[in-house]
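Thanks for coming. I have one chain to go through today, and I will move from strand pairing to overall dimensions and then to the cavities.

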Amino acid sequence: MALHIAVVDPAASNGGPQLLFSDLVSGPAIGNSDTTHGAGGAIVTVWGRGLGSAQGASTITIGGVTAPVYEWKNAAGPAADMYSRHGMQMISFLLPSTVAAGTQRIQANIAGVLTNTLPFSVRAAGNIYYVKTTGADTNNGSWSAPWRTLPKAIDSMASGDIIYVGDGVTATTTHDIGAHGCINLNRDGTADLPRALVAYPGATVNVGGVGATCTAAFSNYIRRGNVDGRTEYWVVSKLRALGVGGDQSALQAYTGYRLVANYVSMPRPDDNCQSGAMTGEGNDLAILGNQITNTARDNPTTVSKLCHSMYISGKRSSSQFGDTCGGIRCPTESNREIGWNLLNDNYNNRGINLYSEQDRAAFIENHKVHDNYIINHRGNGMLIGYYVTGENWFYNNVLINTGLGPEWAGGEISGHYAIQINGGHESGRPTTLHIWNNTIYGGGYPANTSSAALTWFKWADLSGISVNLDFRNNVIVSPNVPYMNADASLPAVAAPNLWFGQSAVPAWNPAGIAGDPLFANPAAGNVRLLVGSPAIDRGIATPLTSDFDGIFRPQGAAFDLGAFEYR
């Protein structure tokens, strides 16, 4: 199957200006009572590279109409830092009232150079509301008469509405007793009319944190008749979700959610935490440009080994733990994009954890995990779990100093690896894992004898497994632990990958290349290639058109190995 990605892999720009993603993908062009930039509708933020740290003479348009700009800057916060490692800028603009309804394109003009475009659906439905520290919950939620609290705003909105949250607004008390969250996203949106909760341009908005009396930052609890469930179709963008303890995640995603550029941290999760700082379940998830940091920083010796940074799962049902799907396997969940996220300095277990279990749990498939930067992580950088089936893509990811250890109280759970590859299931579901152009550097936990840069599940112990491993163009530098743990039974891989740090290229990769990749400054986290690197022009083609930096692939006669093309 060919790789078809619209906004994941934008038109190659050879390092020039490009747009990567937006927070909102639909909204009204009218109804905004904030007229400081003229008449219009939704305030939209886009992230990209090469856009400049200030607007200057540059412009941004939608549907060919020039849009007024609220903010044009390096994407360094106050929520997610997408500048220091990803080199992104961000532009917040007003959707002009003169833009025609229907699908339009967003495009920037940077000193005469046009970027690629991003799609945006201009719709008639949806109101726009505000929450500010100067507001009152007896107001109507307009710019001049804003609400004061987030619970009031969320409880007052309808599908298609957008809430913009002003600087200094916080949420630290329980919104809904049953849900335990400082904010409970307690009503569904729809695919055409999602609900949105977005920080106003430049605003710092904290949910949870020190002194909060709720037990989770965000929750998504809803009761449908006699059935408890989770809400669907929300956009949450540019907020700071600060875990407050307990065993629940700081920010959760379910079907149709779009989590964009949020800052997420759980410095002290409950010692029995069996979740993640950010979690996802369901179909059609977009988790883009978020930062997860300092999870379990304050209790690394007691936190559970089942506590992770990002936990992407499926609905679970089993004879042992409770039947939630009527005695049959829960429906397969698919279409998850996890891209351009920064996971740094986390003391819990896995970084990006794609995992589910139990005898009637949903299979999870069609993941696109790309352009993530994971650095200084105690457990695995990434787990491709046992219930990951179908076709999945993992590319342009950078993993530096992952699987560091030490062990967790009660013993290790699965060793310490950069990438643990367990995809597939003995049910016989065909599974293809495309693992392309990733860079792994350092890490591992030598005190654990199973620790390695990679591990492959020992499928010989099971029956009915059908997994195709498409492992190509990767760079693996592992001076501290073996390339592959001794118990792994990896099938032969004929594609080229570069190996450095151990005695020889693995026997299972006969096309592998040995040699120092000549990274620019790996101690500082810069694993771009220098001139003369044996990774240059040694790869084979994939459907990718750009690297981690947006540089066109290939630059030379062939693809380079790793997440970065040499230019």
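**Strand pairing, overall form, cavities**

Start with one pair of residues: Ile400 has Tyr441 in E39 as its bridge partner. Before going further, note that this is a predicted model. The strand on the other side of that pairing is E36, residues 398-400, and it is joined to E39, residues 439-441, by 3 bridges, with the two strands running parallel.

Now, how many strands form the open sheet that these two belong to? There are 12, and the pairing is parallel. The order is E13-E16-E21-E24-E27-E30-E33-E36-E39-E42-E43-E44. At the edges are strand E13, 170-171, and strand E44, 513-514, each of which pairs on one side only.

Next, another set of strands, with E29 in the middle of the discussion. Strand E29 covers residues 333-339, and 5 of its 7 residues are buried, so I will call the strand mostly covered. E29 has a parallel pairing with strand E26, residues 285-288, through 4 bridges. Within that pairing, Leu288 stands opposite Gly339 of E29. E29 also pairs with strand E32, residues 364-370, again in the parallel sense, over 6 bridges. There, Glu333 has Ile364 in E32 as its bridge partner.

Stepping back to the whole chain, the secondary structure count is 1 helix and 46 strands. Of the contacts between residues at least 6 apart in sequence, 73% join residues at least 24 apart. As for burial, 61% of the 567 residues count as buried.

On dimensions, the C-alpha atoms fill a box of roughly 70 × 60 × 40 Å along the principal axes. Why does the radius of gyration agree with a compact globule? Because a compact globule of 567 residues would have a value near 24 Å, and this chain has 23 Å.

Last, the cavities. A search of the whole structure gives 3 cavities of 30 Å³ or more. The largest has a volume of about 110 Å³. Which residues lie nearest the centre of that largest cavity? They are Gly77, Pro78, Ala79, Met90 and Lys238, out of 17 residues in the lining. Sorted by class, the lining of the largest cavity has 12 nonpolar residues, 2 polar and 3 charged.

That is the end of the walk-through, and I can go back to any part of it.

Technical notes: Residues numbered from 1 in each chain as written. Predicted model: local features only at pLDDT ≥ 70, side-chain atom pairs only at ≥ 80, totals over all residues. Heavy atoms only, no water. Pairing = 2+ DSSP bridges. 1 Å grid on protein atoms, 1.4 Å probe; cavity = no way out; pocket = protein on both sides within 12 Å on 5 of 7 lines; lining within 4 Å. Points joined across faces, edges and corners; volume = space filled by probe spheres on them. Nonpolar A, V, L, I, M, F, W, Y, C, P; charged D, E, K, R; others polar. Rg over C-alpha atoms; globule rule 2.2 N^0.38 Å. Buried < 20%, exposed > 50% of the residue type's maximum accessible area, 1.4 Å probe, protein only. Contact = heavy atoms within 4.5 Å.
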